[in-house]
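Student: Please take a close look at the aromatic rings in this structure. I would like to know how they are paired and where they sit.

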Amino acid sequence: VLDAFNESFDADWDEIEARLEKLKKFSEDRLTANKKRDFENQVERVQAVTRVIKGKEGLILDPKNKYVRELIKRSSVRTLKDGTEVLIFRSEQGIDKSGTQIMKRGKTKNLVYSKDSPALREYKDLLKKIKEVPTDESFYEDTKEEPQFDDSDEEYADRENIELIDISAKIGDLPGLTMQENNELRGVLNPPDGSSIEGRTGPNGALQIQADYFDEAIGETMERATSAEGTTEYNSLMERIDSLKEARERTLEQRTIEEAREAQLEDISRLLRFIDWVGKEKVGLVGIAVSTASLITALLIHARGAIVKTAKATGKVAKALANLAKKAGPILVPILNAVATALSWGAKGIAWLASNLWVLAVAAALLAYDYLQR
C-alpha cells in the first residue's frame, strides 16, 4: 500500500490510481472487488496514521523514508467516543498484534503521550531516526531506479489459488436488542471503509470491546429479570438475554475468524521472507527448501481454516500428509512425518510448525544434500 504514495501521503485518489497504473501494481484479471476494497481501506489507514502524527508531532512524513515506512506498517488509528483520533503502535517486543495505544486526549484537544511502554519507546526511537534522515534520502537509493514491487500476502494467495478464510459476516437484527445495539453489532461485524483492521482483533480490539459490552448487558438484564413484575416483562427480559448472548457469541466468533485470517497472512509473509532469504531458484537444494516451505505453508493455511470451521478437519489433513510421506521416497519422509505429527496436535501443532518453518525447510535441504553425497 505504501507504494501507492510517491512524494506525499496527501495524494488524492486520481494520483494514487495513476501511480498504481505506472507501477502495474494490479493486473486487471486479478483486481477483484474485495481486493480493491481492502486496498482502499489500507490507504485510508495510512492516511489516518500520517494525519495523527502530523497533528501530534508536526511532521510531514516522506513516503520514501525507510523509517517512515516502518513506522506506518506498525501503526493504526483508533477513534475515541468523542471523535478524537489516537495512535496505536505495535511493539516488536510484545506478542499483542493489535498494538498499544500510545496517545490520549489531554486536558485540551491536543494529544499527549500515554504512560511509558515498550511501544511508546520504540515509536519515539523511530521518530528520532526519521528526523535524522535527510528528506531527499530515498528508500530506493540502493537501486537508483524505480522499484519492482513484490506481491502482497493476499495477492500471493490469489495467484497460488490458496483459499483464505472468508471474514465477511452475514447478520440480521436480533429482536431483543435495541436499535442502537443492532446498529453497533452490524458496525463492528462489518466495519465501514477506512476502519482500522489492526484495531479490530486482540484483547483490546474493537471486537472484544463490543463482546465485553454484551457480556455486561447480560449480567444487568439477568438482575432485572429476578425482580420482573409479571410474565410479560419477564419474557421480554429473557428474550433480550438470549439476543445479547447470541450477539456476544457472533462477535467473539468474528474475532476468532479474523485472527485466524491474520495468522494465515502471516504464514504467507513468513514464506515470502524465507524465499527472499534463500533465493528464488527452483532447482537444487534451494528448490527443495522452497518447495518444502511452500508445502508446509499451504498445509498451515488449510489447517487454520479447518480449525475455525471444525477442529476435526485437521486430522484429515494430517492423514493426507502421512500418505504423501509414504510416497515421497526416503529423502523427505522424516520431515513430512514431523509435519503430519504436528498437525495431529491441532492448534498447538500449528503454532509449532509456524515457528519452525525455516528450520524444517532448511533441514529438508540438508537431508537431500546428505542423501546425494552418499
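**Aromatic rings**

Tutor: At 0% relative accessibility, Phe-274 counts as buried because buried means under 20%. This is a predicted model, and Phe-274 is a good place to start. Its ring is paired with that of Trp-277: the centres are 6.0 Å apart and the planes are at 50°, so the pair is tilted. Both Phe-274 and Trp-277 belong to helix H8 (residues 231-278), where they are three residues apart, about one turn of the helix. Trp-277, however, is exposed, its relative accessible area being 55%.

A search of the whole structure gives five aromatic pairs. Among them is the pair of Tyr-113 and Tyr-123, which is edge-to-face, with 6.4 Å from centre to centre and 70° between the planes. Tyr-113 is in strand E5 (residues 111-113) and Tyr-123 is in helix H4 (residues 118-132), so this pair ties together parts that are ten residues apart in sequence. Tyr-123 is buried, at 0% relative accessibility, whereas Tyr-113 is partly exposed, at 25%.

Tyr-113 has further partners. Together with Phe-89 and Tyr-123, Tyr-113 forms one aromatic cluster. The charged end of Lys-56 also sits over the ring of Tyr-113, at 4.0 Å from the ring centre.

To go back over the two pairs: Phe-274 and Trp-277 are tilted, while Tyr-113 and Tyr-123 are edge-to-face.

Notes:
Residues are numbered from 1 along each chain as its sequence is written. This is a predicted model: local features need pLDDT of at least 70, side-chain atom pairs count only at pLDDT 80 or more; totals for chains, interfaces and linings use all residues. Side-chain values use heavy atoms; hydrogens and water are left out. Rings of Phe, Tyr and Trp (its six-membered ring) pair if their centres lie within 6.5 Å; planes under 30 degrees apart count as stacked, over 60 as edge-to-face and the rest as tilted. Helices (H or I, at least four residues) and strands (E, at least two) are DSSP runs, numbered from the N terminus. Buried means under 20% relative accessible area, exposed over 50%, partly exposed in between (1.4 Å probe, protein chains only). A charge sits over a ring if NZ of Lys or CZ of Arg is within 6 Å of the ring centre and within 35 degrees of the ring normal.
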